[in-house]
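Let's take a friendly walk through a protein model. Have the sequence and the 3D view ready as you read.

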Amino acid sequence: MSVDQRPADTPEAAGPPETVEPAAETGVPAQIKLVLGVLLVAAFVMILNETIMGVALPELMEQFTLTASTVQWLTTAFMLTMAVVIPMTGLILQRFTTRTVFIAAMTLFTAGTVLAAAAPVFGVLVAARVIQASGTAVMLPLLMTTVMTFVPADRRGRTIGFITIVIAVAPAIGPTFSGFILENLPWQWMFLSVLPIAVLGLVLGAFKIQNLGEPRPVKFDLLSALLSAVAFGGLIYGLSSLGEAAAGHEPFVEPWMAITAGAVSLALFVYRQLLLQRTDSALMDLRVFLSRTFTVGIVMLLVSMAALFGSLILLPMYLQDVLELSTFQTGLVVLPGGLAMGLTGPTIGRLYDRFGPRPLVIPGSFGLLGALGGLTLLSESSPVWFVVVIHVVMSLSLSLLMTPLMTSSLGSLKMDLYSHGSAVLSTLQQFAGAVGTAVFITLMTTGATASLETGADAVTATADGIHTAFLWGTGMAVIAVAAAFFVRKPATEGAAPALAH
């Protein structure tokens, strides 16, 4: 996405103003506030939809008479679609206008939601999830690119803090929301309940969102798109299948085959991008990694997201299989942590704007290390309040990490690389989620199997397996602690650009 950066004293800039001046009180133009508000609502609904499916899988297995390995395609297909589409968002956001991209994304999501609610057979439901994911994949990169391009550098922290609310609160209330629906209403209401908000967001966006910046005729390289699809799709599918296979589910394709194909394709994709970026025609411009701040931030975000997704998959298993809580009760236990993470986002963003990332990231990394260490103490006799406290500590620590890292990482890039940086960030977040899920599930299963072989009962073995997984997770957090001391705040880039019409 490009912007009009003509000097104000050029002849073309004379006459009636064609740009929106920054608001006097906040430095953010009113038009940008409106666009960001609509984008935030849309992103919230989409991420909520992404996270409500986990606890619904047993219900859907019964409704459609499916095996666990088959019903997992509802989540696997969603993740694969995200992995295929997100790497292309850097190009999409440059070739098309903000309004066009938003309307297309919301239309896809809304159509997928309608189809999912009306799905008569399982295959249609999977297709609906693919359509939903196609719209979801574009929304967060669009939101992040809009912030980085049009919000002044000294206001980005607090703005991205609001995005943290979306990223954190939606997954936190997702299990509670779906648990409540499944206990009281048919499963179709998981989709029907979010449909009015999706339609409202689509209508508001169609009438209120104006184009920000001007599109550029960027070349589309089909080979890069194919390599990207096989690379990220293969790796994420392989890693997800690795976790499923460890849990006893038979994958459709052997994990090692998918991972090998993904790794080879990734190497070819990287080589292709290095060639194409010489002419500024790369699908995903890898020059973003020339920024040390961006690279260090990405490494820390990968560790943080792996820990977050790994915990999101293991904690419900622990609460339901070991402490024998219901689905709805499980959602209530993890709700305070998600709310704490989201609601502190704007405050942490303001602190970032004032003090920079290091005073936040360093204690956040130590907090994450301590929380994961605390989770290794869970057993079949642990009180529920202890789980709540540890999860809140971990969530607050992740909040101290995510907002500063996203802001400093993207802020260290040149303006013409913002869309590519957002695409890289979103792609690797999906990858980290798959890695965290696969590693934690595999370690848990291995630990539980070893415990069963010593004569432990099923509940004790599950608790032992979860202990093993979180023990390794604690080791992963050491990487984040070490990297935290290398985080720097990027140089201030001045005011946001003028808004082209």
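This report looks at salt bridges, then at a pair of helices, and finally at aromatic rings. Keep in mind that the model is predicted.

**Salt bridges**

Side chains of opposite charge can pair when their charged atoms come close. How many salt bridges does the count come to? The count comes to three salt bridges, listed here with the distance between their closest N and O atoms.

| Pair | N to O distance |
|---|---|
| R158 and D353 | 2.9 Å |
| R272 and D221 | 2.7 Å |
| D285 and R287 | 2.6 Å |

Try finding R158 and D353. R158 sits in helix α8 (residues 156-184) and D353 in helix α15 (residues 345-355), so this salt bridge ties together parts that are 195 residues apart in sequence. R158 is partly exposed, with a relative accessible area of 25%. D353 has a relative accessibility of 11%, and because buried means under 20%, D353 counts as buried.

Next come R272 and D221. Their salt bridge also links distant parts of the chain: R272 belongs to helix α12 (residues 255-276), while D221 is in the loop between α10 (195-208) and α11 (222-246), 51 residues apart. R272 is partly exposed at 24% relative accessibility, whereas D221 is buried at 14%.

In the remaining pair, D285 is buried, with a relative accessible area of 5%, and R287 is partly exposed at 29%.

**Two helices side by side**

Now turn to helix α4 (residues 73-85) and helix α7 (residues 122-150). They pack at an angle of about 35 degrees, and their axes are 8 Å apart. The crossing of α4 past α7 is right-handed. On the α4 side, the residues in contact include W73, L74 and F78, and among their counterparts in α7 are F122, L125 and V126. What kinds of residues make up this contact? There are 13 nonpolar residues, four polar and one charged.

**Aromatic rings**

Across the whole structure there are eight aromatic pairs. In one of them, the ring centres of W385 and F386 are 6.1 Å apart and the planes stand at 85 degrees, so the pair is edge-to-face. W385 is exposed, with a relative accessible area of 58%.

F440 and F470 are edge-to-face too, because their planes are at 80 degrees, with ring centres 5.9 Å apart. This pair links distant parts of the chain: F440 is in helix α18 (residues 418-453) and F470 in helix α19 (residues 458-484), 30 residues apart. Both F440 and F470 are buried.

Finally, look for F64, F122, W187 and F191, which together form one aromatic cluster. F122 is also one of the α7 residues that meet α4.

Technical notes:
Residues numbered from 1 in each chain as written. Predicted model: local features only at pLDDT ≥ 70, side-chain atom pairs only at ≥ 80, totals over all residues. Heavy atoms only, no water. Phe/Tyr/Trp six-rings, centres within 6.5 Å; stacked < 30°, edge-to-face > 60°. Buried < 20%, exposed > 50% of the residue type's maximum accessible area, 1.4 Å probe, protein only. Helix = DSSP H or I, 4+ residues; strand = E, 2+ residues; numbered from the N terminus. Axes fitted to C-alpha atoms, helices over the stretch in contact; angles between N-to-C directions. Left-handed = near helix turned anticlockwise from the far one by under 90°. Contact = heavy atoms within 4.5 Å. Nonpolar A, V, L, I, M, F, W, Y, C, P; charged D, E, K, R; others polar. Salt bridge = Lys/Arg side-chain N within 4 Å of Asp/Glu carboxyl O.
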